[in-house]
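User: I am new to protein models and would like to learn how to read one, feature by feature. Could you take me through it slowly?

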Amino acid sequence: HWLRRLNEEQDNIRAALRFSIEQDDPELGLRLVGALWIWFLRRLLVEGRSWAEDLLAHPGAAQPTAARASALFAAGHFAWLQGDVRAMRTRLDESVAIRRDLRDDAGLGRALPFLGLAIDDHKAARHLAEEGVALCRKLDDSWGLAMGLTNLGRIEGTWGHDLAAERPLEEATALFRAIGDGWLLALPLNSLGAIAYRQGDYVKAQTAFEQALP
């Protein structure tokens, strides 16, 4: 329902973003880019990243506000999905730093596990993800917790620790099911399927992939 409405308003959203830049009101644009994930959900990654980067580069957008932190998080996400891990880390590093200064535990809880995906040190990456997961548990942020656990499992799997990856991925799967987020449920299921495949348990892998596919 909301994707349909946002899709109908996409030209107006673009106009608002252009207005934000041209009228030297980047805070409005930063808030929009940080809040509206239509480009991510519609896979308009080039456009979404371009808006985020243009707004972040605006001379009036340099203040370390919550809006800037959210736009940095979005820009980092777009960079990651385009395979630009270096830019992802740069953007998420700044986003996390702003969240820490603002003592924004809710924003930190969601950002830290994503930053962990960009860290080339297993121990440091796991520590960031675990910190984010702990904050989401404390705040009872079920969606953030599910996403954080998914990223913790991805980190462990990336570094070859499949057994350590399974528990957070299984918890994430249960949480996404409880929330009713059938779209993001595919992420931990896909990772669990990959682990089962690597372990030679092809029946378990097939089951996980078939559940993720829809």
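User: Leaving aside its neighbours within four places in sequence, which residues is Leu145 in contact with?

Analyst: Keep in mind from the start that this is a predicted model. To read contacts, one sets aside the close sequence neighbours and looks at what remains; for Leu145, these remaining contacts are Val133, Cys136, Arg137, Glu171 and Leu175. Leu145 is also named among the residues of the largest nonpolar core that touch the most other members, together with Leu92, Val96, Leu112, Leu115, Leu149 and Phe176. That core holds 32 residues, and the elements that give two or more residues to it are α6, α7, α8, α9 (122-139), α10 and α11 (162-179).

User: How many residues are in the other core, and which are among them?

Analyst: Apart from the largest core there lies another one, made of 22 residues, and Leu30, Val33, Phe40 and Ala69 are among them.

User: Which residues lie nearest the centre of the largest pocket?

Analyst: A pocket can be read in steps, going from its space to its lining and then to the elements that supply the lining. Here the space in the largest pocket is about 660 Å³, and 26 residues line it, with Trp37, Phe40, Phe73, His77 and Trp143 nearest its centre. Sorted by class, the lining has 16 nonpolar residues, five polar ones and five charged ones. The helices α4 (38-41), α6 (66-81), α7 (85-102), α8 (105-117), α10 (142-158) and α12 (186-198) each supply at least two lining residues, and the largest share, six residues, comes from α6. Phe40, which is one of the residues nearest the pocket centre, is also one of the members of the 22-residue core.

User: Is Arg49 buried or exposed, and why is it put in that class?

Analyst: The class follows from the relative accessible area, and anything under 20% is called buried. Arg49 has a relative accessible area of 18%, so it counts as buried. Arg49 lies in helix α5 (residues 45-56), and its side chain makes a polar contact with the side chain of Gln82 at 2.8 Å. Beyond its close sequence neighbours, Arg49 is in contact with Phe78, Ala79, Gln82, Asp84 and Ala87.

User: Helix α5 also holds Leu45; which residues does Leu45 touch, not counting those up to four places away in sequence?

Analyst: Leu45 touches Trp39, Phe40, Phe78, Leu81 and Gln82. Leu45 is buried, with a relative accessible area of 13%. It also shows how sequence distance and spatial distance can be read side by side, for Leu45 and Gln82 are 37 residues apart in sequence, while their C-alpha atoms are 7.6 Å apart in space.

User: How far apart are the C-alpha atoms of Ala16 and Glu156?

Analyst: The C-alpha atoms of Ala16 and Glu156 are separated by 41 Å, and these two residues are 140 residues apart along the chain. Ala16 lies in helix α2 (residues 10-22), is partly exposed at 25% relative accessible area, and is in contact with Leu28 and Leu32 once its close sequence neighbours are left aside. For another pair, Val85 and Ala118 are 33 residues apart along the chain, with 6.0 Å between their C-alpha atoms. Val85 belongs to helix α7 and is partly exposed, at 36%.

User: Where is Asp181 found, and what does its side chain reach?

Analyst: Asp181 is found in the loop between α11 and α12, and its side chain reaches the backbone nitrogen of Trp183 at 3.3 Å. With a relative accessible area of 18%, Asp181 is buried, and apart from residues up to four places away in sequence it touches Trp143 and Phe176.

User: What is the phi of Arg103, and what is the phi of Asp140?

Analyst: Phi is a backbone angle, and here one looks at its sign and at the kind of residue. Phi of Arg103 is near 55°, a positive value in a residue other than glycine, and phi of Asp140 is also near 55°, again positive in a residue other than glycine. Arg103 sits in the loop between α7 and α8 and is exposed at 76% relative accessibility, while Asp140 sits in the loop between α9 and α10 and is exposed at 65%.

Technical notes. Residues are numbered from 1 along each chain as its sequence is written. This is a predicted model: local features need pLDDT of at least 70, side-chain atom pairs count only at pLDDT 80 or more; totals for chains, interfaces and linings use all residues. Side-chain values use heavy atoms; hydrogens and water are left out. On a 1 Å grid over the protein atoms alone, a cavity is a set of points where a 1.4 Å probe fits but cannot get out, and a pocket is an open set with protein on both sides within 12 Å along at least five of seven lines; lining residues have an atom within 4 Å of a point. Grid points are joined across faces, edges and corners, and a volume is the space filled by probe spheres set on the points. Helices (H or I, at least four residues) and strands (E, at least two) are DSSP runs, numbered from the N terminus. Ala, Val, Leu, Ile, Met, Phe, Trp, Tyr, Cys and Pro count as nonpolar, Asp, Glu, Lys and Arg as charged, and the others, Gly among them, as polar. Buried means under 20% relative accessible area, exposed over 50%, partly exposed in between (1.4 Å probe, protein chains only). A polar contact is a pair of N or O atoms within 3.5 Å; within protein, one must be able to donate a hydrogen and the other to accept it, and residues adjacent in sequence count only if both atoms are side-chain atoms. Contact means heavy atoms within 4.5 Å. A nonpolar core is a set of buried Ala, Val, Leu, Ile, Met, Phe, Trp, Tyr and Cys residues joined through side-chain atoms within 4.5 Å.
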